[in-house]
Amino acid sequence: MAIYKFRITFEDFDDVVREIDIKSNQTFEDLHKAIHRSTGYNAEKPSSFYVSTDNWLKGDEIAYLPNERKKDRVVLMENSKLSGFIEDPHQKFYYIYNFDRPYDFHVELVKIILDADPNIEYPFLAKSVGEAPKIMEQNSPQAVDPRGAAAAASEFDFLNEMNFVPEDTDELEAMGEMGINEEERDEDEENEEDEFGDEFSDDDHFEDDSQKDDY
């Protein structure tokens with residue numbers, strides 16, 4: 001029984017790497033669940049593998065918990081053995097976990113081992129580097145912004161300092177536009193007054209017609 005070694009990386013987090021050894025006759029559902037035993041994520045989320053080109057362009061979809069719209073046009077992970085989709089010794093799959101709050105992964109076959117180790121239960125986590133980013137769950141006090149705590153805190157502090165209320169967005173934008181227009185209008189009026197004032201004020205050679213002698 002051949003063993004596939006897959007290297008799994010987050011598309012946006014290059015420093016997080018997992019390598020999973022799995023039997024060739026196991027399914028994409030087995031691989032899907034093995035990935036999330038290694039990340040700590042809930043595997044019971046709608047997700048899909050896509051047969052991929054070397055440039056990570058998505059092809060045929062292999063789905064887990066697909067919605068009604070997809071059901072008739074995709075194959076299911078639980079019915080799809082890995083060996084049926086391996087056409088290249090470095091076969092790649094583009095993988096999207098949790099379509100509600102998606103994370104994208106690159107999954108690449110990096111090695112084929114001809115004989116399974118009888119002392120190992122497959123799928124087997126062969127390598128784990130880096131901590132998987134936390135999932136942002138709605139209304140969760142434990143939610144962590146994957147951009148980092150500093151980015152989330154700075155955004156939060158800015159909104160608080162401005163006493164921002166979401167419902168006031170339209171009003172604030174309208175006031176901002178009016179303020180800008182009024183300021184520009186005031187500047188234009190001041191410039192016009194200065195131009196005319198400079199032309200007719202303090203002219204040493206200006207003579208009043210009323211003081212001219214009649215001839």
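The questions and answers below go through the fold, the core and the salt bridges of this predicted model.

Residues are numbered from 1 along each chain as its sequence is written, and side-chain values use heavy atoms, with hydrogens and water left out. Because the model is predicted, local features need pLDDT of at least 70 and side-chain atom pairs count only at pLDDT 80 or more, while totals for chains, interfaces and linings use all residues.

Student: In what order do the elements of the protein run from the N terminus on?
Tutor: Helices (H or I, at least four residues) and strands (E, at least two) are DSSP runs, numbered from the N terminus. The protein has three helices and eight strands. Its elements run β-β-α-β-β-β-β-β-β-α-α.

Student: What is the order of the eight strands in the open sheet?
Tutor: Two strands pair if DSSP finds at least two bridges between them. The sheet is open and its pairing is mixed. Each edge strand pairs on one side only; these are strand 5 (75-76) and strand 8 (124-129). The order is 5-4-3-6-7-1-2-8.

Student: Which residue stands opposite Ile8 in strand 2?
Tutor: Strand 1 (residues 3-10) and strand 2 run antiparallel and are joined by seven bridges. A hairpin of six residues connects strand 1 to strand 2. Opposite Ile8 stands Arg18.

Student: On the other flank, which residue of strand 8 stands opposite Val17?
Tutor: Strand 2 also pairs with strand 8, through five bridges. These two strands run antiparallel. The residue opposite Val17 is Val129.

Student: How many residues of strand 2 are buried?
Tutor: Buried means under 20% relative accessible area, exposed over 50%, partly exposed in between (1.4 Å probe, protein chains only). Across the protein, 30% of the 215 residues are buried. Strand 2 (residues 17-23) is mostly covered. Of its seven residues, the buried ones number six.

Student: Which residue of strand 7 is the bridge partner of Tyr95?
Tutor: Strand 6 (residues 92-97) and strand 7 (residues 103-113) run antiparallel. Six bridges join them. The partner of Tyr95 is Phe105.

Student: Which residues have the most contacts inside the largest nonpolar core?
Tutor: A nonpolar core is a set of buried Ala, Val, Leu, Ile, Met, Phe, Trp, Tyr and Cys residues joined through side-chain atoms within 4.5 Å. The largest one has 29 residues. Strand 1, strand 2, helix 1, strand 3 (47-52), strand 4 (58-64), strand 6 and strand 7 each supply at least two of them. Those with the most contacts inside the core are Phe6, Phe28, Leu31, Phe49, Phe93, Tyr95 and Val107.

Student: Which residues does Val107 touch, not counting residues up to four places away in sequence?
Tutor: Contact means heavy atoms within 4.5 Å. Val107 is one of the core residues with the most contacts. Its partners are Phe6, Arg7, Ile8, Leu31, Phe49, Trp56, Gln91, Lys92, Phe93 and Tyr95.

Student: What share of the contacts with a separation of 6 or more comes from residues 24 or more positions apart?
Tutor: The count takes contacts in the protein with a separation of 6 or more. Among these, residues 24 or more positions apart account for 59%.

Student: Is Glu29 buried or exposed?
Tutor: Glu29 lies in helix 1 (residues 28-39). Leaving out residues up to four places away in sequence, Glu29 touches Tyr64, Met77 and Glu78. Its relative accessibility is 18%, so Glu29 counts as buried.

Student: With which residue does the side chain of Glu29 meet in a salt bridge?
Tutor: A salt bridge is a side-chain nitrogen of Lys or Arg within 4 Å of a carboxyl oxygen of Asp or Glu. The structure holds six. The N to O distance in this pair is 3.1 Å. The two residues are four apart in helix 1, which means about one helical turn, and the partner is Lys33.

Student: Which other salt-bridge partner does Lys33 have?
Tutor: The N to O distance here is 4.0 Å. The pair links distant parts of the chain, eleven residues apart: helix 1, and the loop between helix 1 and strand 3. Lys33 is partly exposed at 28% relative accessibility. The partner, partly exposed at 42%, is Glu44.

Student: How exposed is Glu131, the salt-bridge partner of Lys134?
Tutor: The closest N and O atoms of Lys134 and Glu131 are 3.1 Å apart. Lys134 counts as partly exposed, at 41% relative accessibility. Glu131 is exposed, with a relative accessible area of 60%.
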